[in-house]
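The following note is offered to a colleague who is meeting this structure for the first time. Its points are numbered so that each may be checked in turn.

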Amino acid sequence: MTEHDRLDRRTVLGALASAGAGAVAGCGALQGESDSEATEVEDDRAHDLAAQFAPVVYFDEYEPWFPTDPRPYTSEQDGETIVTGFDAFDGYHERFTGDQPPNPTVFYNVVQYEESPLAAVQFWMYSAFDQFTTNFHWHDWEVLHVFVDTDSGEPQLYVASSHSRKVPNNEFLDPEPDSVPRILSELGSHSSALSLNDIPDRFQRLPTGNSFADITNSPIETIEDIASIPLAYGLPRDEGRRLPYVVPELDGAPIYEDDRLPSVEESDLVDQRLAIRSFDALSSPPSDLPGRSTGLVFDHEEREGDADVEYALAPTSEIEHITDFTGPQLSFEFAVPQFAEDAIAGHITTTGAPWGQPRYANPAADISEPNHRRALADRYEAIGAPSSVNSVVAQVTAAVTTDAAPDGEGLTTESSPVEALVVLESDPEAAPTFGGVAALQDVPAGEHRLTVNGAGQAPHSEAVSVSENEGENSVTTAGVDGEIPLVARESATKLEVDSDGADSDLTDLAVEDDFAGRLYDAPLSGPDAVYVHRGGAYTTEVRDSDDEVGAFRVNPDPEGGEGVRIDRPNTGKASLATFLADISDETRAEVAAVADGDDESDDSDESGASGSQQRQTDGGGQSNAVQGLAQALGAVAEAARRAAERAENGERGRADESLQTVIDRLGRVAGRLAEAQSDLPGGLANATERRLEQAQRRSEQARNANKL
């Protein structure tokens, strides 16, 4: 494990406890009331329904594993019929010749709820392998549920399964009566997105013009920046997102090098243009990953059409004698805390048989949108009403430097260049983001740990506090609008806080940049660390059990070097006064360099005039206004140092006198800044203004602090 793996940053994130944002696939967590029993539909009727709603499936041009029949790869073990990963993976590629995949097959299972016209037609698709970042495994079963009213013959709801029971499915309520489901299969993972819009092989998340969206799930309305994105996984690469794939490893080597897979070559996996060997081997996120383009199209052999491949429909009853789909544990290079690596690796071993899953007998257990379950419950007594569950929702972004700040002294956040992987310690099943949105469903109330990884980015790990669900829509967020800003590894540095060195019981840690604002806001217990961008200028804030505050100025080396460590993160007047002195001295030095003519950069304002052209100078080549600002900042620093010394000596009254002097002198700095604004380079003027605002806030905190 690398140093990154020991990252232990904790932040209270948005915990979404609502009836509109929680679900599981296959576990029925949304069942506030029980569903009726469902029984299998007789053979001829089942086949007719399956043939009527058999989906058209569009695959990515780079897809290596298509729906097939697992029976050629069965073997006997201890008197039971199984399919091993080696037999299926190698046998599939041995049989794959030319452009025709072997044994194209889709299996169906049809059940009807007792004393109800509601039936569910399930289409199960088996693939020999699944390769998707850390979520790769032997075998893969994906399912599409079509809920249909057998009296009217009209479909009621499509539910297309996504990556895991923690990720919202892709669902559509009340499709057109005569429609045939169209599935867009995600490359490698075979997660199913729906396509009901006018372009058959494209996914459309939001409606445009006269065209409607391909999902009817509820929008996320609790985080402003992502309010218009419906809570469904979708199809990221079809939506213009970058999604890197990881090469699976077995016993420490790429899987295609294993002697037990003689028919498998490197070219049989997801195309190398999309695959990377590891997340942490990259210094920055990959930028040249190809987007989605349609390859082979599958359709039912009894339907007339121009599909590339015709598949057979077969009832799952023909293969229910297979008791298990097995394979040895695979591994991956993915920088996460040790607890998650072990747990995720166990998850990716295999998927097991569908007939052992709750959603096989009760397809309604797979409905991930409470509004959809509620709609069916209103129509059919057989379906129980939804319950409210907790979900953790956050937006994953990227922290980058901003031109609005002096070089190497300020950040902004922007859309992440790649999709990330998220996992909760309480249920460590890796889930991908979609459009930068991390949405984990069915999260029990209590304390959890969330880990986020992006290719070429430093990992992020934090505590998540989920409140007990009260049955109402509610959200709590901390940080910058609920964002998790990841940093490219080449720009990341470690910021450590040794709370054991503090003289009080610290409870919280926050880190904010002069320009990006608050980036982290975390419960603190023991030594802690976060990865920050070297190009930022930070204020680290700690808070103790008495609600006293401490602050520390952090300026990482923009050229690299060692990280930053705060050994004595104390709270109270002395800490805050020292911070005021540090930030004032830092700013004074930068302003003085301009006044002395040392800054000959080409910083320009919006009109294009350089800083040197803007300055109105006296005969000595110095700006009187800028010089006055530097002197005013120096006076603040002097008074703040005096306040810190007096606080450390236990002189409360005299420390407060010095802090009042700081406050008065900050008022003069504001006046001097107004006079010198046009004479300063734009970035420095912005930085000075932002630091002044913070200094004024911290000086009030210092004066009101009870602790010295």
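1. His190 is buried, with a relative accessible area of 5%; the cut-off for that term is under 20%. The residue sits in the loop between β11 and β12 (192–194). Its backbone deserves a remark, as His190 is not a glycine and yet has a positive phi of about 70°. The model is a predicted one, and the reader should keep this in mind for every point below.

2. Asp174 also shows a positive phi, near 55°, and is likewise a residue other than glycine. Most residues other than glycine have a negative phi, which is why such positions are listed here. Asp174 belongs to the loop between β10 (170–173) and β11 (182–185). Is Asp174 buried or exposed? The relative accessible area of Asp174 is 40%, so the residue falls in between and is described as partly exposed.

3. Ser368 is found in the loop between α4 (358–361) and α5 (370–379). Although placed in a loop, Ser368 is buried, with a relative accessible area of 4%. Its side chain reaches the backbone nitrogen of Asn169, at 2.9 Å.

4. Turning to the nonpolar interior, the largest nonpolar core has 101 residues. Which residues have the most contacts inside this core? They are Phe89, Phe123, Trp138, Ile255 and Leu313. Strand β7 (residues 118–130) contributes the largest share of the core, with 8 residues. There is also a second core, separate from the other, of 35 residues; among its members are Val594, Ala644, Leu673 and Leu692. As general background, nonpolar side chains tend to be buried together in soluble globular proteins.

5. The last point concerns a pair of helices, α6 (residues 573–595) and α8 (residues 624–648). How are their axes arranged? The two helices pack at an angle of about 160°, and their axes lie 8 Å apart. Angles over 145 degrees count as roughly antiparallel, and α6 and α8 are therefore roughly antiparallel to each other. The crossing of α6 past α8 is left-handed. Sorted by class, the residues in the contact of α6 with α8 are 18 nonpolar, 5 polar and 6 charged.

Key: Residues numbered from 1 in each chain as written. Predicted model: local features only at pLDDT ≥ 70, side-chain atom pairs only at ≥ 80, totals over all residues. Heavy atoms only, no water. Axes fitted to C-alpha atoms, helices over the stretch in contact; angles between N-to-C directions. Helix = DSSP H or I, 4+ residues; strand = E, 2+ residues; numbered from the N terminus. Parallel < 35°, antiparallel > 145°, perpendicular 65-115°, else oblique. Left-handed = near helix turned anticlockwise from the far one by under 90°. Nonpolar A, V, L, I, M, F, W, Y, C, P; charged D, E, K, R; others polar. Core = buried A, V, L, I, M, F, W, Y, C linked by side-chain atoms within 4.5 Å. Buried < 20%, exposed > 50% of the residue type's maximum accessible area, 1.4 Å probe, protein only. Polar contact = N/O pair within 3.5 Å; in protein donor to acceptor, adjacent residues only side chain to side chain.
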